[in-house]
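User: I am new to this structure and would be grateful for a close look at one part of its interior. Please describe how that part is put together.

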Amino acid sequence: MATELTTGRAVGLAAEQKSAEVTDWAARIGWLVGLVLFIALVYWLMREGWKWRGTLQGDLPELPAALSEPGAARLTMSGRYHGSTTAGQWLDRIVAHGLGTRSRVELTLTDAGLDVVRPGAADFFVPRGRLREARLDKGIAGKVLSEGGLLVVTWEHGDKLIDSGFRSDHAAEHNEWVDTLNDMTDKSDDISKSDQSSDTEGAR
């Protein structure tokens, strides 16, 4: 009699354990499905927000294309393009015309301007007269790096000032780029002022 009771209890416990396992799997599957749906919702909201931001920036002109003969290269750089923002507002991302797409990048600086080649994304060219300044920074458009780990180039497009962030595969190159770009923009300002002075004298 005792043996039968023991056997009955063992069978009952085994049945309860199997039932518990089935219940656990159902809960796990439900949790995973819920997580996948949540991730899909977040992705959809981000995509819609991206489209909405692009619509708001629809007045931004098309990006200028590179010159057929830009001249000899003063500096070149291989690295990554981390995005563009409204100048001075590192979280105000610009997404129009593909400027919000992060990618690999090949930079070439000539006397004509800055040529930005991005595999898999839109290339663009910044004429020398549109370059405003360059500096070292640590973050742009949601990307934060170590202090001075980002080369930020400020340029004018249409009636908007834009900060574009780049990181070289060899960060030691950043300082040379900052010095050269700022030297070019200073000379451009001097030339512009000289032209304005000549125009004024001619008018007299």
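Analyst: The account below follows one residue, the core around it and a contrasting site on the surface. The model is predicted.

The starting point is Leu107, which lies in strand β3, residues 103-110. Leu107 has a relative accessible area of 1%, and therefore counts as buried, the limit being under 20%. Setting aside neighbours within four places in sequence, Leu107 is in contact with Leu75, Thr76, Met77, Leu114, Asp115, Val116, Phe166 and Trp177. Tyr81 is 26 residues away from Leu107 in sequence, and their C-alpha atoms are 9.6 Å apart.

Leu107 also belongs to the largest nonpolar core, which has 26 residues. Among the members with the most contacts inside this core are Leu107, Leu114, Phe124 and Trp177. At least two core residues come from each of β1 (73-86), β3, β4 (113-117), β5 (124-127), β6 (131-137), β9 (150-157), β10 (160-168) and α2 (174-203). The helix α2 gives the most, with four residues.

Phe124 offers another view of this core. Beyond its neighbours within four places in sequence, Phe124 is in contact with residues including Leu63, Pro64, Tyr81, Leu99, Leu114 and Trp155. A second core, separate from this one, has five residues, including Ile140, Ala141, Leu145 and Val152.

The surface provides a contrast. Trp25, found in helix α1 (residues 2-56), counts as exposed because its relative accessibility is 53%, and the cut-off is over 50%. Together with Ile29, Val33 and Leu37, Trp25 forms a nonpolar surface patch with about 450 Å² of accessible area.

Definitions and conventions
Residues are numbered from 1 along each chain as its sequence is written. This is a predicted model: local features need pLDDT of at least 70, side-chain atom pairs count only at pLDDT 80 or more; totals for chains, interfaces and linings use all residues. Side-chain values use heavy atoms; hydrogens and water are left out. Buried means under 20% relative accessible area, exposed over 50%, partly exposed in between (1.4 Å probe, protein chains only). Contact means heavy atoms within 4.5 Å. A nonpolar core is a set of buried Ala, Val, Leu, Ile, Met, Phe, Trp, Tyr and Cys residues joined through side-chain atoms within 4.5 Å. Patches are made of residues with over 30% relative accessible area and no salt bridge: like charges are joined within 9 Å, nonpolar side chains (Val, Leu, Ile, Met, Phe, Trp, Tyr) within 5 Å. Accessible areas come from the Shrake-Rupley method with a 1.4 Å probe; for residues, only the protein chains shown count as cover. A salt bridge is a side-chain nitrogen of Lys or Arg within 4 Å of a carboxyl oxygen of Asp or Glu.
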